[in-house]
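Student: I am new to this structure and would like to take a close look at one part of it. Could you walk me through a single sheet, and then show me where it sits in the rest of the chain?

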Amino acid sequence: MFHASANGDGVDAVDPRLLNGARPLECFEISDSVAEVEVSENVLSGYLVTTIEITGSTGTPVFDLNNKYFSIDPGSGDIRVKPGVSLDLDNLPGREISLSVKIQDDSKEITHKITVKIIDVNEPPSFPDDGPWLNGIGVADGAGPETLVCSVEAKDPDKYAPNNVLNYYISTPATPFTISDLGEITVATGQTTHHEKTVVWNIEVVATDAGVPQHTASTTVLIVVCPTGKPDSLKPCA
Ligand SMILES: [Ca+2]
Ligand SMILES: [Ca+2]
């Protein structure tokens with residue numbers, strides 16, 4: 001039987017001396033499975049990340065971990081999220097946290113390294129509730145293709161792609177407008193605004209992120225087609 005011996009370098013290796021079954025008494029062993037663990041960023045404080053299991057100790061092993069985010073039970077080897085700690089990726093310096101766990105029994109002390117990978121949980125985007133498009137945006141009568149009407153922008157709280165990559169579309173059917181990936185609403189190809197036909201357009205714009213599961217947000221853009229001679233700037237026509 002092969003034994004993985006804990007030699008303190010963070011990588012458990014097969015000790016050739018073990019091949020004949022003569023295991024050094026002072027060598028206790030660590031499960032290889034705890035070298036790397038994944039944890040979602042939304043777990044609560046107290047969440048059990050992993051447990052270091054050792055065998056072959058000649059005494060009572062004691063665990064110790066000095067880390068800002070995680071603590072270890074000195075007797076059981078349970079590694080948990082510290083009280084009051086949020087693993088929100090927005091507040092962490094990176095997506096991985098390295099832990100150095102000291103394990104000591106009556107004959108030996110080693111340092112075992114564990115990499116904790118923080119998994120980004122996809123959160124929904126949102127539009128501001130005071131976007132200027134909510135109150136009405138003016139566009140000139142007879143405005144043709146590519147005329148810029150207004151720009152809308154949703155915010156996504158996620159720090160990393162694809163969870164924070166947004167795309168936009170207009171969900172209201174049969175409007176003369178289109179929207180770009182940047183949220184710019186323009187008069188669509190082959191379309192023209194007609195004040196005498198339609199004065200007010202209420203169009204629903206949807207923002208989608210690229211995470212899994214995908215999240216969306218929506219807002220209503222009020223577009224007023226101004227009569228000829230009124231301002232065609234990005235302002236509501238009076
Ligand atoms: Ca997130
Ligand atoms: Ca997101």
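Tutor: Buried residues make up 25% of the 238 residues in the chain, where buried is used for a residue that has 20 or more other C-beta atoms, placed from the backbone, within 10 Å of its own. This is a predicted model, in which local features need pLDDT of at least 70 and side-chain atom pairs count only at pLDDT 80 or more, while totals for chains, interfaces and linings use all residues. Residues are numbered from 1 along each chain as its sequence is written, and chains are lettered from A and ligands numbered from 1 in the order in which they are written.

The chain has 18 strands and zero helices; strands (E, at least two residues) and helices (H or I, at least four residues) are DSSP runs, numbered from the N terminus. Of the contacts in the chain with a separation of 6 or more, 66% are between residues 24 or more positions apart, a contact being two residues whose C-beta atoms, placed from the backbone, lie within 7 Å.

Now to the sheet itself. It is an open sheet of four strands in the order 12-18-17-14, with mixed pairing, and two strands count as paired if DSSP finds at least two bridges between them. Strand 12 (137-140) and strand 14 (166-170) stand at the edges with a single partner strand each, so one side of each has no neighbour in the sheet. From one strand to the next, the twist averages 35 degrees, an angle that runs from 0 to 180 degrees between the N-to-C directions of axes, which are lines fitted to C-alpha atoms.

Within this sheet, strand 17 (residues 200-209) and strand 18 (residues 216-226) run antiparallel and are joined by nine bridges. If you look for one of these positions, valine 200 has valine 224 in strand 18 as its bridge partner.

The surroundings of the sheet come next. The largest nonpolar core, meaning a set of buried Ala, Val, Leu, Ile, Met, Phe, Trp, Tyr and Cys residues joined through C-beta atoms within 7 Å, has 23 residues, and those with the most contacts inside it are Ile137, Val139, Val149 and Val221. Strand 12, strand 13, strand 15, strand 16, strand 17 and strand 18 each supply at least two residues of this core, and strand 18 gives the largest share, five residues. Apart from this core lies another, of 15 residues, including Phe63, Leu87, Leu99 and Ile103.

Notes: A residue is buried if 20 or more other C-beta atoms lie within 10 Å of its own, exposed if 12 or fewer, and partly exposed in between; C-beta atoms are placed from the backbone.
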